[in-house]
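Hello! Here are my notes on the model you asked me to look over. I have kept them as short numbered points, to be read with the viewer open.

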Amino acid sequence: MDIRDEMSRRGADQALRIGRVAAPILIALTALALTISPRASMSLTYDETFYLREGIKTLHGGRLDRDLVKFGVAPLPIALNMVPGVWLAGSDASHDVYATHPGNNRLITLPRLITTCTTLVPLVLLSFGWLLGRRGLTAAILGAGMMATSPSLLTHASIAGTDAAFACFATLAVLAIGLHRQVPTWMHLILAGAAAGLAFSTKYTGALLFPCFLVGRSFDFLHAWRTSDKSLRRRVFRFGTDVLGFLAIGLLTVWACHGFQVDPDRKWRGISLPTFAISFQYQLEHNRLGHPAFYQGARSLSGWWSYYPYTLLVKSTLPELALAAAGLVVGLRGLSGIRRGGLGIDGSRATLLWFVAITGAALIASPICIGHRYTLAMYPMIVLLSVDALAGVARNIRRAHALAGLLLGGQIVTCLFAAPQYLSYFNPLFGGGATAWKRLSDSNLDWGQDLPALKTVLDREGFKTVALDYFGTAAPSDYGINSDPIDGLRRPIEEYDALAVSVTQLQSVYLRPGQKHPTTPDVYRRLRRVAPTFRVGGSIFVYDLRPDRLRHDSLREVVATAVDGIRNPAVQTAVRVDSAPVRR
């Protein structure tokens, strides 16, 4: 009996060791597999066109392009993902990504694959390792699996952009800060500062990591004040050197990621400013001025406080919401323990919590309300917090395994049903994607990604002449679409078989080229009342204009009125855009 027990124990230990190695590899491969379809099925998204251009110019210019500074774009994703991709694809220095000739779809393939490998895969492995060390194999599989099958993370890990990269580097920075709080060595301080610098160089939202470090380190200082027998002067000195050291290491890393470039035309007290300071200033100015946005049928430049909480609710999967809710309940129940324990709480978990709180507050206050993607970095933090909290109170192993299986199984099923249209995913609790276009726009569901799906519908239905009002920067000809832009029709609208309109254009969110009115002409006010003949991927509506297929008697007249409005916006009813700084 003793021999059997010993053999059983050894077998269990061996299975556990195999699981610790095999599980993260399988989860990472699953994430890679799930991004194959969206990478291949999405046309070039709005921001990717600019990043592609910057990658080509940076590659052939031998240094970071100056337009990155001009438009306030952090360079690390371009240098890490776009430049190697376009180099491997053999890009031509003269290639104009904004021209109508084909080629962009070929050049974006490798940068997208590299983005997946440098964002989602490291994020999954990092999260697995952190949870494995704290809570064991089941918690690690649950946390990493939830991220690897999250439609939101899969979407942006399939796009050669900045959002998934920031989610990865921000998670690394927060965990590094937490490690320094638990074991405050100089090596951990260097790691935390460098990781924060990388996150800032990925997206300037990384500036929020400094108050995250400062708040956590302040709590550590207060806790040491109550419990340590060291002199106050020594504690103050260590606090100051940690804060200044974190800032110095972070800024040095940022400057290195920006190629140690300075702008000779911009100076402060005779000293040329580094380009990252000018880029960051651009983003602050953008935040001050606001951005055209659409939410629940209204349009605004100053945004809405409820915008990002709402997008988190409607674009997160039901298992993600259930996991976050369960983690919140457990966290609230643990507040009494925190009160009894004073300020000496778990540094890693507290750092995650501070990042979520500070980022959430910044998003609520932000006037830039153009996409759920701005919340993407919160997903790993919320998953890690929730899984860590639940695993910490689990007492019954079988129930814990059943709960983990239920959550992860539900996430996998949701992911498979949403594929490959992850970008336009909305959970069924809030109506799903059928009516989402009435509530949100832009990168929430329409980022110019559905040209391949449009091509499929046009070919299937036999449309020959198509008028297209496309919200995006991809060339329709890259995807085999033969169409005329709505503001440059070559024949009367009556001679077209179909009108295809992107949802963001249908909502009249942005001014059209050449328009300078303070209000946006609502050229599609009447067309929004007509149900489209086909909905393409959730972001493009197609209206069949063929006489023998008309479903709405006045459709041709409605479309003709819209075209007249595009040519002469003054005759159209204007959409009211709230430009005041008052936030509702």
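1. In β2, V262 has P274 as its bridge partner. Strand β1 (residues 262-268) and strand β2 (residues 271-274) run antiparallel and are joined by four bridges. Two residues lie between the strands of this hairpin, and R269 takes a positive phi near 55° there. Strands here are DSSP runs of E with at least two residues, helices are runs of H or I with at least four residues, and both are numbered from the N terminus. Two strands pair if DSSP finds at least two bridges between them.

2. A word on the basis: this is a predicted model, in which local features need pLDDT of at least 70 and side-chain atom pairs count only at pLDDT 80 or more, while totals for chains, interfaces and linings use all residues. Residues are numbered from 1 along each chain as its sequence is written, and side-chain values use heavy atoms, with hydrogens and water left out.

3. Just ahead of β1, F260 lies in the loop between α13 and β1. Its phi is near 55°, a positive value in a residue other than glycine. F260 counts as partly exposed at 47% relative accessibility; buried means under 20% relative accessible area, exposed over 50%, and partly exposed in between, with a 1.4 Å probe and protein chains only.

4. Which strands pair with β10? Strand β7 (residues 498-502) pairs with β10 in the antiparallel sense over five bridges, and S502 stands opposite I540. Strand β9 (residues 534-536) also runs antiparallel to β10, joined by three bridges, with R535 and F541 as bridge partners. β9 and β10 form a hairpin with three residues between them, and G537 in the turn has a positive phi of about 60°.

5. β10 itself deserves a look. Five of the five residues of strand β10 (residues 540-544) are buried, so the strand is largely enclosed by the rest of the structure. I540, V542 and D544 point one way, F541 and Y543 the other way, and all are buried.

6. Helix α8 (residues 137-148) gives a handy geometry check. At 1.5 Å a residue its twelve residues should span 16 Å, and the end C-alpha atoms are 16 Å apart, which agrees; the expected span is 1.5 Å times one less than the number of residues. Ten of the twelve residues are buried, so α8 is largely enclosed by the rest of the structure. Among them are L137, L142, M146 and M147.

7. How many aromatic pairs are there? The count comes to 21 aromatic pairs, where rings of Phe, Tyr and Trp (its six-membered ring) pair if their centres lie within 6.5 Å, and planes under 30 degrees apart count as stacked, over 60 as edge-to-face and the rest as tilted. The rings of F221 and F239 have centres 5.4 Å apart and planes at 45°, so this pair is tilted. F221 lies in helix α12 (residues 209-227) and F239 in helix α13 (residues 232-257), so the pair ties together parts that are 18 residues apart in sequence. F221 is buried, with a relative accessible area of 16%.

8. For F471 and Y510, the ring centres are 5.8 Å apart and the planes at 5°, so the pair is stacked. F471 is in the loop between β5 (466-469) and β6 (484-485), and Y510 is in the loop between α22 (503-506) and β8 (520-521), 39 residues apart. F471 is buried at 7% relative accessibility, and Y510 is buried with a relative accessible area of 19%.

9. One aromatic cluster is formed by Y295, W304, Y307, Y308, Y310, Y374 and F430. The charged end of K203 sits over the ring of Y374, 5.0 Å from its centre. K315 lies over the face of F426, at 4.2 Å from the ring centre. The rule asks for NZ of Lys or CZ of Arg within 6 Å of the ring centre and within 35 degrees of the ring normal.

10. Two backbone items remain in the loop between α20 (397-418) and α21 (451-461), where P420 lies. The peptide bond from A419 to P420 is cis, with omega near -5°. D442 is also in the loop between α20 and α21, with a positive phi near 55°, and D442 counts as buried at 7% relative accessibility.
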